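Reader: Hello! Could you help me learn to read this structure, starting with how two chains meet?

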Amino acid sequence: MKTKIKQIVLENNLNYCLECGKCSAVCPMLDFYGEYVYDRSPRGVVERLSLDPEDIEDEEGLWYCLVCHECTFFCPSGVNFQGFMTELRELLLQHGYRNHAVFCHACGSYLMPKKEFENFQKILEGGKTGELLSVCQRCKKNSYVETLYKLALWPKAKR
Amino acid sequence: MPLRIGVFICHCGTNIGGIVDVPEVVEYARTLPNVVYAEGNLYTCSEDGLSSIRDMIEGYDLNRVVVASCTPRTHEPLFRKNCESGGLNKYLFEFVNIREHCSWVHMDRHDSATLKAKDLVRMGVAKVSLLTPQEDLTTDVIRASLIIGGGISGLTAALTLANQGYQVELVEKKDRLGGLLRDVNRVFPTNDPSKELLDPLISAVLNHKKISAHLGTELADVNGFVGNFSILLKKDAGTEELKVGTIILSTGARELKPEGMFGYGQFNNVMTQLEFERRFRSNYHGLNRVVMINCVGARVEERTYCGRFCCITGIKNAILLKEENPQTEISILHRDIMACGKAFEDYYRKALQMGIKFIRYSVDFPPEIVGSDDMADKGKVYHELMGRDVQMETDIVLLTTPLVPGEDNQELSRMMRIPVGNDGYFLEAHQKLRPVEFPSDGIFVAGCARYPTEISECVAQGYAAAAKAAVPMARGQVISDAFTSEVAPLRCSACGRCIDVCPFGAIDWNEFKEPSGETKRVAMVNPTECKGCGLCVASCLSGAVQMRGFTDEQILAMVNTTFMVAS
């Protein structure tokens, strides 16, 4: 797994980092979570992982990123942080590190980081919209199609 | 012949005319003694103004001209030349600066500025009355050049001059040509072996019939001035004398040996980049983990300058190592990466792409190298952003050190009377506009003798110095300004102060026969070497040294008229 991480690090140009800090400056982390933590910021992650990607398996800090593309857009050097984060989480899940993630209630596929989910629930104060969040896109679509299908099968008189 | 002075006062558009009341100053100038003609011009330096000066010299039979306008720095040569073509000796012209010295500094005080302009014009008229005609000095130039140092800059300069047909005397202290570049393995950013660059150049120099290479030879003494230097060379026990017209200094620099830093001298596998290149030309077997430390001894208190290309040198060796074995783990500990230069940024990005790690360290928390016995095996560096130490195993530690000035610089500086800067490198005449020249004429500088320069710059400066040195040799003679100092031998008390203060070495002892028949030792100025700075005049206790065009008499005449009140 360590070699695999190294490969992802290289593929997504994490080595290109110039330590300018633009990524952390534009990161919506502060707005969303209400606090800035260096270890969770794009720069912090890039610095550490491009140096030595050891013992990161169960680390909570990697599960805050919203994968919003802001940092990647603003990087002057071409670090693809968004791509890196997606691939890294995929890799971690494959290896069974599932503590910090939320999965679809219906089908069980990966949905979003637990922290992000909890924060959304807090903002939305639960309720119907909050419930909708816990189902993945595909399941939502499927249930919608199911409803349509049922409607189509209803006798005409009842419609 | 009675004095007939013409005064031309420039408006310089609104630069002067908008503040100083020029017509009033013109009127005032007409009332001054010996002034037969005065006029105001919109731009005296335009063809209208210049032709007016020429016409008036003829029409009014003027024998002195005063122009009150801008700065002599830019316009004096123009007006002098104009006077000459108008039939007047060009040294009978006086420049009064009423722009920088008056209108620009008194923009909000029109009345006082006009008064001051009048004062300045009056002083100029007082001085011009006392000027005497002078002739420019010409001296013949020997068509041969001495090049000190046979590195890449010296070789380039030698070949360029020789191909132009000038005799070149190339002096090299070591027994081989090539200089510091000989030790370099491959060159950035092309990764060509340095041999490919040097060998054709060296064989071309050695086989050129216009170049005589003096290997294993040192410079013992330099005397003379532009066009006529006499050189004393020292080889083994013997000496040799040469006569040349110009000198190019390309003595280069040497690598800093960081004794006692980061385990250098303590561990066998801690070495500088250049030592590494000397030891490992291509076989990097057994070097699987490499740590480099940049800015060793550079950008610190005792050596404030940046080595300019040490970062790239480190990157080059990292890339070579990585190309040989992609599994090699390389960490470059740096303070900043200075990859400025053509294609260097791309070279840096290439290194990033290859997976070479760049870790920034702070000068307050320098890295540590630890090891056992005589081998270093671990590097430790404080990562500022993460706020903790990072450790890395290593097989070899490379220290990237800057170049330091040559050992002989002070000696050469004394010998040729050329300045050395605070950092120990030779100091050029002007950082921007005269980068390969010295204040003394006929001596030029190229390459690392001036500042750490990478190869392409060394070559460019070699060409530049050769081109500059070719100018006096192509002309065959040098013309120098007549405003130089002279010693009145009868008044000279032979104290030697002027000889000490002269920055150009233009004054020397000479025999003088007094009217009584006795001979005495006096100071004598060589007008070709004199630049007219006036230090000797100020230093002379007996008033024996005078500056042509700025004699005590002329300056006192200006001072005396200063305090006459302008009406």
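Author: Happily; we will look at the interface and then at one pair of strands.
This is a predicted model, where local features need pLDDT of at least 70, side-chain atom pairs count only at pLDDT 80 or more, and totals for chains, interfaces and linings use all residues. Residues are numbered from 1 along each chain as its sequence is written, chains are lettered from A and ligands numbered from 1 in the order in which they are written, and side-chain values use heavy atoms, with hydrogens and water left out.

Reader: How much area do chain A and chain B bury between them?

Author: The size of an interface is often given as the accessible area lost when the parts come together. Here about 1,400 Å² is buried (accessible area lost, 1.4 Å probe, summed over both parts), with 52% of it on carbon and sulfur atoms. On the side of chain A, 42% of the buried area belongs to A:Y16, A:E19 and A:L51 together, the residues that lose the most.

Reader: How many salt bridges cross the interface of chain A and chain B?

Author: A salt bridge is a side-chain nitrogen of Lys or Arg within 4 Å of a carboxyl oxygen of Asp or Glu. The rule finds two between these chains, including A:K6 with B:E329 at 3.7 Å, N to O.

Reader: And how do strands β18 and β19 of chain B run?

Author: Strands are DSSP runs of E, at least two residues, numbered from the N terminus, and two of them pair if DSSP finds at least two bridges between them. In chain B, β18 (residues 329-334) and β19 (residues 357-360) run parallel, joined by four bridges. B:H334 stands opposite B:R360 in β19(B).

Notes
Buried area = accessible area lost by both parts, 1.4 Å probe.
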